[in-house]
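Biologist: I should be grateful for a close look at one part of this structure, namely a sheet and the helix that packs on it.

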Amino acid sequence: MKPAPFHYFAPSSIAAATAQLSELAGEDARVLAGGQTLIPAMALRLARPSHLIDINGIQELNNLEVRGTALHIGACVRHAAFHRPVVAGPLGALLLDVVRHVAHLPIRYRGTFCGSLANADPAAEWCLVAATLDARLTACSARGEREIAATEFFRGYLTTALSSDELLIGAQLPCLSARERFGFVEFSRRAGDFAMAMSLVVLQSEAGRLTRVRIGVGGVEVVPRRIAPAEQCLEGQLVRSENLERAAEAAAMAIEPAESEEELRVYKRSLVRAAVLRALIKALDGQLRSH
Amino acid sequence: MVSCARIEPETPEALMQPVEITLQINEAPYSVRVEPRSMLVDVLRDQCGLTGTHTGCEHGVCGACTVLLDGEPVRSCLMLAVQAQGRHVRTVEGLARAEQLHPLQRAFIQHHALQCGFCTPGFLMLALGVLEQDPRIGDEALTEALSSNLCRCTGYKNILNAVRAVRDADPLRQDAARG
Amino acid sequence: MRRVDELVTAPARGERESPRAYVGKSVTRLEDAPLVRGEGRFAADVNFPRQLYMRVVRSQVAHGRLVSVDTSAARALPGVVAAWTWSEVSELPPIPFRATKVSGLEPYCQPVLAHERVRYVGEPITVVFAEDACLAEDAAERVGVEIEELPVLLDASEPPREFAPGLTTQPTIIRKGYGEVSAAFAQAHAVVALDLSIGRHSGVPLECRGAVARYDAARDVLEMYGAAKKSHWNRDTMAAMLGRPPQGFHLYEGHVGGSFGVRGELYPEDVLVCLAALRLRRPVKWIEDRREHLVATNHSRQQRHRVQAAIDATGRILAIRNEIFHDQGAYVRTHGARVADMAAGLMLGPYRVPSYEVTAYYRLTNKTPAGTCRSPGRYETTFVRERLLDAIAHTVGVDPIEVRRRNLLAREEFPYRRPLDALGVAVVLDSGDYAGLLDKTLAWVGWPELKSRTAERRARGETVGIGLAMFVEKSGLGPSDGVRVSVDTTGGVELVTGAASVGQGMETVLAQICADTLGVDYQRVRVIHGNTERMEFGNGAHASRVTVMSGSATHLAAQKLRRKALDIAARLLGRRSGELELKAGRIVSTHDPALPTVGLDEVARHCHPGMNPGLTSEEDVGLSAEGWFFSEHMNYPYGIHLAQVRIDRETGLVKVERYWVAYDVGRAINPMLIEGQIVGGVAQGLGGALFEEFLYDPSGQPLSTTFADYLLVTASEMPDIEVLITEDAPSPFNPLGLKGAGEGGTNAVGAAVAAAVDDAMGAPGFVSSLPIAAHKVQRALALQPSQSADGSARLHLMEKQM
């Protein structure tokens with residue numbers, strides 16, 4: 001299974017990369033970062049780019065730092081960077097918790113956080129993280145830079161808002177406050193597989209009431225997203241098991257599964273219900289007992 | 001009627017542009033001429049004559065092609081050979097020193113951690129990379145890490161035994177255990 | 001049938017056997033050093049100067065009329081040397097069968113390249129030959145194929161259709177039986193009826209297929225590298241197909257990355273590679289890729305069974321009646337109807353069944369053709385039979401283990417002849433103590449404590465269960481095997497066998513047997529296998545036969561060589577051979593260590609015409625001996641599997657927590673290798689029970705075409721697994737009492753896991769098809785009456801699942 005032939009470019013600056021992209025607009029050019037998704041597709045000849053732009057040599061894309069209240073993740077930052085907390089507080093712990101579910105170890109040494117977002121597979125963990133935390137994505141082209149909100153960024157199955165001459169150069173995740181808690185749950189057939197269903201929950205609990213509730217679901221629809229009806233069940237509410245169950249039920253009913261067979265649609269809703277509820281339990285970690 | 005379409009790309013010569021590159025493999029330089037589309041695993045096997053690294057799937061799932069890239073285990077079927085320039089590559093051929101086997105190799109033999117041997121080089125390099133990155137890795141994390149690769153013969157039990165034995169015999173780990 | 005005591009080869013009177021240094025010991029393998037160094041030679045590692053690469057163009061349509069093939073664009077590509085369709089190879093006959101006693105299957109053989117019709121996605125239509133593998137793939141894409149689609153048949157339960165004028169898609173029906181089935185059903189206390197299915201899956205070794213052929217014009221010899229499993233038969237058959245004399249055609253087996261029944265059968269690609277080497281007069285290399293493998297290498301397992309048991313009030317079986325729908329895929333391949341035949345003939349396992357009737361509908365569908373896969377016909381029928389026993393237990397309200405006891409054949413009944421045959425050989429269960437093994441197993445696993453701990457966990461809200469399954473395997477398929485052993489002038493031993501290595505450690509096992517008899521270090525025994533040039537006859541490696549057949553032949557050959565060495569040494573030392581024995585490579589006195597000795601190497605030199613001018617007797621030439629072991633019967637190892645599972649109620653996902661295998665192997669040459677076979681076998685069995693399946697869409701397009709869809713078990717999915725090897729029932733049919741171990745780990749996994757899942761769910765008979773579908777488990781659990789009303793208890797239960 002060898003790829004079809006292509007022209008190969010390895011620019012050493014963002015400007016060179018975007019210049020190439022705009023030159024090649026209209027031709028089939030693809031950006032190569034980690035390659036852990038693109039290269040298998042090329043080996044299977046499902047993807048046949050005539051031009052490959054390898055951005056691994058662009059030093060500026062390796063940035064991983066906190067600026068203000070956001071964690072900036074450059075396009076070449078590997079999954080493996082998150083094997084240790086990259087920022088103090090809940091965000092670092094969240095990324096550390098999620099990264100274990102991302103594929104397998106050798107994939108993580110090459111694959112990139114931003115590459116996963118640009119690929120936009122709804123069953124990819126980082127896409128759910130980006131959607132749930134309302135990440136901001138920075139796209140760059142010869143025409144300039146622009147920021148795209150996560151809700152705008154994920155357009156459909158494997159489809160993003162990037163135009164063919166744009167390069168995703170970074171993602172920003174909001175640093176979570178020390179009082180925010182998270183819970184992440186993923187169901188997959190085997191360890192490391194793509195998610196059958198997953199949920200990321202972030203919330204604050206003060207004086208027994210829940211605030212700043214975010215409930216994200218992925219792996220079941222064509223894009224990962226926050227489920228507002230579920231969040232509304234909990235915002236301002238007491239930490240009670242019946243409230244959690246109502247939220248999970250609301251999430252299960254709000255999603256539109258990608259499957260067409262009724263049996264599997266029902267199953268997906270059950271998975272969502274369970275994933276959301278368990279993610280909430282994890283986030284509340286022991287708080288339920290006292291009620 | 002189905003016409004299984006004939007694909008008419010641009011003539012391949014225009015796209016081939018072979019390049020001369022030098023790869024550092026097991027601390028030795030290899031000068032090779034490769035197409036951009038040549039995968040690292042194929043260049044290792046076909047042009048460098050290092051056939052110890054195997055291809056089991058060519059789409060990055062089975063891990064038979066695992067090598068160390070600057071000490072990190074990676075899938076060489078998912079890297080273009082040109083991407084490995086300026087990096088240090090280690091393959092299974094670099095483990096033994098002449099007649100002296102590496103402790104992992106000895107452990108695999110002692111613990112019957114191989115049957116057909118096809119997945120073995122990939123597992124050896126994966127295990128080596130994992131243990132070098134984290135000599136004190138715990139059992140659960142080790143099992144998770146070794147779940148990266150597929151074996152169809154052994155059922156994994158003896159592979160885990162062999163790698164744990166090497167980990168436990170490691171002076172670094174013993175120091176850590178003593179605290 | 002010969003009397004049992006005539007079959008065991010006792011040492012000749014006055015001759016003592018050497019003490020066992022190696023047999024029975026878990027010595028490390030001879031095979032390992034090159035493999036851990038990455039110095040193995042698998043097919044893809046073989047390269048010759050000027051070699052061409054072959055790439056196959058395969059049908060993308062499941063069923064159709066092949067209208068036209070245009071190779072002009074492919075051939076126009078620089079570096080492409082040739083492209084062949086059917087018309088270039090039309091003189092080649094279709095691939096024949098290797099072993100089947102069923103007649104009338106010939107019209108259903110697969111042609112080497114498709115002509116007129118394509119019958120499955122993946123069927124070879126064209127081959128292209130180019131200077132490198134990338135180019136060959138580029139060229140293959142440029143071949144234009146026009147196919148007029150025809151309706152597809154994807155279900156073997158549907159009535160057969162036309163295969164070709166005058167032929168239906170049901171090449172044969174296999175019927176077997178004995179006793180008074182109708183009467184038994186009429187008089188039964190109850191009838192238990194089940195409709196069970198096993199999903200399509202297969203061996204899927206980690207190394208894909210490959211072959212490299214070279215025509216050595218200087219010697220007029222055609223060579224093929226990358227052979228496996230059945231080298232001699234494949235050589236003979238291909239020689240006939242290509243019109244070459246067998247002596248001018250040799251197959252070489254290097255390292256083989258697993259077979260599990262699917263590699264080493266004769267496939268179209270092997271023939272094409274050899275033909276190409278002859279015609280193009282350059283070496284030709286073909287290496288299958290994974291996507292090809294999943295649609296082109298033999299599938300297996302897919303059967304539907306509509307089975308009924310007539311029972312009495314105590315749960316004893318009076319009769320079994322079974323209808324099997326066997327999904328063979330598009331063509332009959334080298335195994336003929338063998339898998340269906342084994343399913344029909346071996347289904348009854350360890351139980352007494354007074355009357356039996358089976359009808360196996362062997363049917364073709366538009367899927368990849370099928371063949372044998374580890375424990376073929378038995379993985380399927382153990383699932384069916386053990387589900388039946390569980391259903392019987394539930395029907396009469398008796399414990400599933402007790403019901404099995406009531407039906408087991410007793411030790412005193414062996415050898416037990418079933419009025420049936422399988423693979424053309426009468427089913428004679430040679431030896432066994434099934435109830436004894438059951439007792440041992442229950443004690444070994446701590447059955448009462450296991451049950452009570454499971455009950456405790458269930459009371460605390462976990463969905464856990466245990467399941468048990470019993471089985472009889474088969475091994476040691478004949479008809480024969482031969483081994484030649486020789487000692488060279490340095491005292492090194494060479495053993496040449498026609499058996500094959502597929503990674504199982506056969507070199508080590510044969511070396512152990514040989515070394516014990518010759519009194520040498522087993523590491524000084526070099527084993528040559530799978531090489532038609534070194535051994536004229538051979539039957540390869542499959543059906544767990546090598547340890548039994550080649551092991552027995554090795555024993556016989558080594559004993560002959562030992563007698564020769566002792567006789568010659570006796571002459572050289574001026575003593576009687578009865579007073580001598582072999583020890584550490586020397587021939588020594590049995591009673592006085594001070595007496596002079598002579599080395600095996602010296603005896604070898606005495607036998608060497610070049611080194612010993614005093615050699616005048618032809619008998620003395622060469623210190624070597626050949627041994628042949630013939631067997632009319634297979635032998636029957638047996639065992640028990642136990643599985644402990646935990647189910648996540650909300651997802652239906654099944655986790656196998658612990659697994660136990662108890663297996664009687666007759667005689668264990670190397671326990672470590674046997675355990676390795678069993679654990680590896682369990683992993684594959686688990687795949688078939690929970691993860692692996694070849695799925696097709698309604699138009700016959702395969703959906704499981706990469707490892708992203710066809711899911712293999714990883715280390716994380718493996719349970720804690722323990723193995724108990726027993727030697728209670730050696731086979732009376734070979735001198736060492738051996739039985740094979742290659743398939744015992746796989747055989748009962750589907751059955752044991754199904755029983756455990758039923759137990760965990762509290763839903764007897766729930767699992768009726770493999771692989772077990774999580775969404776079905778989840779739905780069934782969700783429909784069960786709720787266990788508690790209040791929220792905190794529900795959440796408590798939820799947390800238990802996490």
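Modeller: The account below takes the sheet, then the helix, then the contact between chains.

This is a predicted model, in which local features need pLDDT of at least 70 and side-chain atom pairs count only at pLDDT 80 or more, while totals for chains, interfaces and linings use all residues. Residues are numbered from 1 along each chain as its sequence is written, with chains lettered from A and ligands numbered from 1 in the order in which they are written.

In chain C, seven strands form an open sheet of mixed pairing, ordered E3-E5-E1-E14-E11-E12-E13. Strands (E, at least two residues) and helices (H or I, at least four) are DSSP runs numbered from the N terminus, and two strands pair if DSSP finds at least two bridges between them. E3 (80–84) and E13 (249–252) of chain C each have a single partner strand, so one side of each lacks a neighbour in the sheet. From one strand to the next, the twist averages 20 degrees. E12 (residues 221–225) of chain C runs parallel to E13(C), and four bridges join them. Met224(C) has Leu251(C) as its bridge partner in E13(C).

Helix H5(C) packs on this sheet, touching E1 (52–58), E3 and E5 (124–130) of chain C, and its direction makes about 30 degrees with that of E1(C). Axes are lines fitted to C-alpha atoms, for helices over the stretch in contact, and angles run from 0 to 180 degrees between N-to-C directions.

Turning to the neighbouring chain, 23 residues of chain C are in contact (C-beta atoms, placed from the backbone, within 7 Å) with 21 residues of chain A. H5 (133–141), H20 (774–783) and H21 (791–801) of chain C are the elements giving two or more residues to that side of chain C.

Methods: Contact = placed C-beta atoms within 7 Å.
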